[in-house]
Amino acid sequence: MSVIYILWLRELKRYTRSRSQIVASLGQPLLYLLVLGFGLGPVFKRAGYGSYFQFIAPGVIGMSVLFSSIFSGLGLLWDRQFGFLKETLVAPVPRIQIMIGRTLGGSTTAILQGMLVTLVCVLAGFRPASFYAIPLALGFMVLIALLFAALGVAIGSSLQDMQGFQLIMNFLVMPIYFLSGAMFPLSNQGKVLTFVTALDPLSYGIDGMRSVLLSAATFQPAFGTLTDLAVLIGVGAILLVFGAYRFSKIEI
Amino acid sequence: MIYARNLVKTFGAVTAVNDVSFEVAPGEIFAFLGPNGAGKTTTIKMLTTMLKPTSGAIELDGLDPQKKQNEARKRFGIVFQDPSLDGDLTAAENMEIHGVLYHVPRKQRHHRTEELLKLFELWDRRGDQVKKFSGGMKRRLEIARGFLHTPKILFLDEPTLGLDPQSRNQLWNHVKKVNEAEGVTVFLTTHYMDEADRVAHRIGVIDHGKLVAQGTPSAIKEQTGTVTLEDAFLALTGSTIRDESAGSADQMRQFARMWSGGKR
């Protein structure tokens with residue numbers, strides 16, 4: 001237990017110490033929120049979908065949780081490069097504890113980041129349907145963070161060096177984001193897009209967040225809140241097991 | 001304390017370690033010398049549970065490191081060729097994580113951290129982030145950390161690589177101090193022959209995966225009829241330069257160095 005705790009704490013300390021990185025990581029969500037949120041607003045409204053700013057805010061929150069959780073898992077590559085990974089892997093501790101500590105730590109920082117972005121959204125004019133919506137949205141953030149932190153660990157365990165990083169970024173992380181419906185409604189799409197977006201786990205996370213954050217009058221869930229929860233928990237559990245398996249196979 | 005018999009490790013068609021046998025007595029400082037690619041690191045990896053030998057037997061304090069992995073790991077400390085500290089954390093925090101990973105009880109952990117950081121002259125800097133440390137300080141911290149869980153054996157894989165003579169000298173003085181005070185067995189590799197000559201009680205020379213000489217520094221000099229250990233080493237291993245092909249780890253190290261602006 002203490003091993004999991006200390007590795008969790010390590011991730012948290014590293015996060016809170018990299019102040020400039022925290023500020024920098026707010027840049028992209030802000031850009032999407034403000035530029036797209038206001039830029040596409042008039043078109044969205046004319047199409048009869050209501051406020052685009054309200055619509056995109058949960059998407060931007062989901063995006064920031066996705067990015068920080070998957071990168072926390074990929075931080076494994078950094079630790080491999082700067083050697084700290086070895087220090088943990090030759091210690092007399094079961095690997096599974098190391099993996100759990102890292103994954104929980106990474107998800108915690110992703111959740112903190114998500115809360116920070118939520119705050120920024122509210123400051124910029126986002127209005128959740130009710131006060132109770134926030135803790136419910138937090139629940140979805142937790143599920144998204146765990147799922148993608150585990151995916152990050154699985155990928156980080158499989159890559160040998162930083163060369164694969166761009167590949168993962170362009171062919172996995174960005175598609176997960178763009179296909180999640182973070183920026184556009186998933187309803188009334190063509191067959192292909194409907195099919196592909198349904199394969200993206202983040203779609204369910206963002207759909208879930210919207211279903212709790214937005215009022216029923218302005219947003220109809222694409223999948224339904226219960227389906228969202230079930231998919232996130234199911235896929236998350238599979239990825240945690242897969243991540244732990246890949247982590248156990250790392251050669252020092 | 002360390003016992004290796006007929007150790008063999010092959011990677012495909014390449015035999016990295018070929019029938020190596022040696023013994024290191026408790027409390028002894030043993031230097032394992034050899035040119036690049038001779039099989040030093042492979043041997044250390046096999047001794048420290050990181051690699052499974054193709055054949056042969058190993059005992060660390062009476063334990064087979066492959067069968068009783070975690071038990072064996074509690075009994076040794078290791079300082080790798082490459083740094084393995086977390087630069088974003090402070091010296092004290094790096095020690096704390098190590099203590100928890102090795103199940104050192106809290107009170108003992110704090111007491112021992114203070115004792116070791118004072119000995120290695122890092123106590124005043126315990127609250128500073130490790131990335132602000134000089135190369136010598138980082139190495140000292142890693143060695144202090146290796147001693148934290150009071151291991152019976154400490155493995156040091158080229159710990160003085162890239163350090164100036166002052167730092168090297170100071171580092172070995174510290175290692176010798178702990179060796180004498182606590183009776184820790186030390187197994188080290190280095191490319192600096194003067195260090196091995198000064199620090200080690202006994203030396204093993206490995207070349208092309210085979211142990212070519214073993215004994216006290218003076219015995220090895222006598223055996224080769226040379227004055228310095230450096231000459232003895234060259235007499236034993238020849239003077240051709242070994243070109244080690246850069247493995248992925250080396251390439252990564254290179255990349256890390258580039259990326260951190262040569263600060264590592």
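What is the sign of phi in Gly238(B), which follows α9(B)? In this predicted model, the phi of Gly238(B) is positive, near 75°. We'll come back to that helix once we have looked around.

## How sure is the model?

Let's start with the scores. The model gets ipTM 0.89 and pTM 0.89. Chain B has a mean pLDDT of 89, with 92% of its residues reaching 70 or more.

That confidence isn't spread evenly along chain B. Helix α3 (residues 91-101) of chain B comes out highest, at 97, while helix α10 (residues 248-259) of chain B has the lowest mean, 56. So when you look at α10(B) on screen, remember that confidence in chain B is lowest there.

## Chain A: helices and no strands

Chain A is easy to describe: eleven helices and zero strands. Walk along chain A from the N terminus and the elements read α-α-α-α-α-α-α-α-α-α-α.

How does chain A fill space? Its C-alpha atoms fit a box of roughly 60 × 40 × 35 Å along the principal axes. A compact globule with 252 residues would have a radius of gyration near 18 Å, and chain A has 18 Å, so the two agree. Buried residues account for 47% of the 252 residues in chain A. Now take the contacts in chain A between residues at least 6 apart in sequence: 84% of them join residues at least 24 apart.

## Where the chains meet

The contact between the chains takes 22 residues from chain A and 23 residues from chain B. On the chain A side, α1 (2-17) and α5 (84-89) each supply at least two residues. The largest share of that side, seven residues, comes from α1(A).

Those two helices of chain A turn up again when you look at α3(B). Ten of the eleven residues in α3(B) are buried, among them Glu93(B), Met95(B), His98(B) and Leu101(B). Which elements cover them? The cover includes α1 and α5 of chain A, together with α4 (106-119) and α5 (135-147) of chain B. Just after α3(B) comes His103(B), with a positive phi near 55°.

## The three-stranded sheet of chain B

Chain B has an open sheet of three strands in the order β2-β1-β4, with antiparallel pairing. At its edges are β2 and β4 (55-60) of chain B, each pairing on one side only. Neighbouring strands in this sheet are turned by 20° against each other on average, direction ignored.

Strand β1 (residues 2-11) pairs with strand β2 (residues 14-24) of chain B over seven bridges, and Ile2(B) has Val24(B) as its bridge partner in β2(B). The hairpin of these strands has two residues between them, and Gly12(B) there takes a positive phi near 60°. With β4(B), strand β1(B) shares five bridges; Ala4(B), for instance, stands opposite Ile58(B). Helix α1 (residues 40-47) of chain B lies across β1, β2 and β4 of chain B, at about 120° to β1(B).

## The six-stranded sheet of chain B

Another open sheet in chain B has six strands in the order β5-β6-β7-β3-β8-β9, and its pairing is mixed. Why is one side of β5 and one side of β9 left without a neighbour? Strands β5 (76-79) and β9 (210-215) of chain B stand at the edges, each with a single partner strand, so one side of each has no neighbour in the sheet. The average turn between neighbouring strands here is 15°, direction ignored.

At one of those edges, β5(B) pairs with strand β6 (residues 153-157) of chain B in the parallel sense over four bridges. Within that pair, Gly77(B) stands opposite Leu154(B). Helix α8 (residues 217-224) of chain B packs on the sheet, touching β8 (202-207) and β9 of chain B, and its direction makes about 115° with that of β9(B).

## Back to α9

Now for the helix we began with. In helix α9 (residues 229-237) of chain B, the buried residues are Leu229(B), Ala232(B) and Phe233(B). They cover an arc of only 100° around the axis, which puts them on the same side of α9(B). Their cover includes β3 (29-33), α7 (193-199), β8 and α8 of chain B. After α9(B) comes Gly238(B), with the positive phi we started from.

Methods
Residues are numbered from 1 along each chain as its sequence is written. Chains are lettered from A and ligands numbered from 1 in the order in which they are written. This is a predicted model: local features need pLDDT of at least 70, side-chain atom pairs count only at pLDDT 80 or more; totals for chains, interfaces and linings use all residues. Two strands pair if DSSP finds at least two bridges between them. Axes are lines fitted to C-alpha atoms, for helices over the stretch in contact, and angles run from 0 to 180 degrees between N-to-C directions. Two residues are in contact if their C-beta atoms, placed from the backbone, lie within 7 Å. pLDDT is the predictor's confidence in each residue, from 0 to 100. A residue is buried if 20 or more other C-beta atoms lie within 10 Å of its own, exposed if 12 or fewer, and partly exposed in between; C-beta atoms are placed from the backbone. The arc is that of the directions from the helix axis to the C-beta atoms. The radius of gyration is taken over C-alpha atoms; the globule rule is 2.2 Å times the number of residues to the power 0.38.
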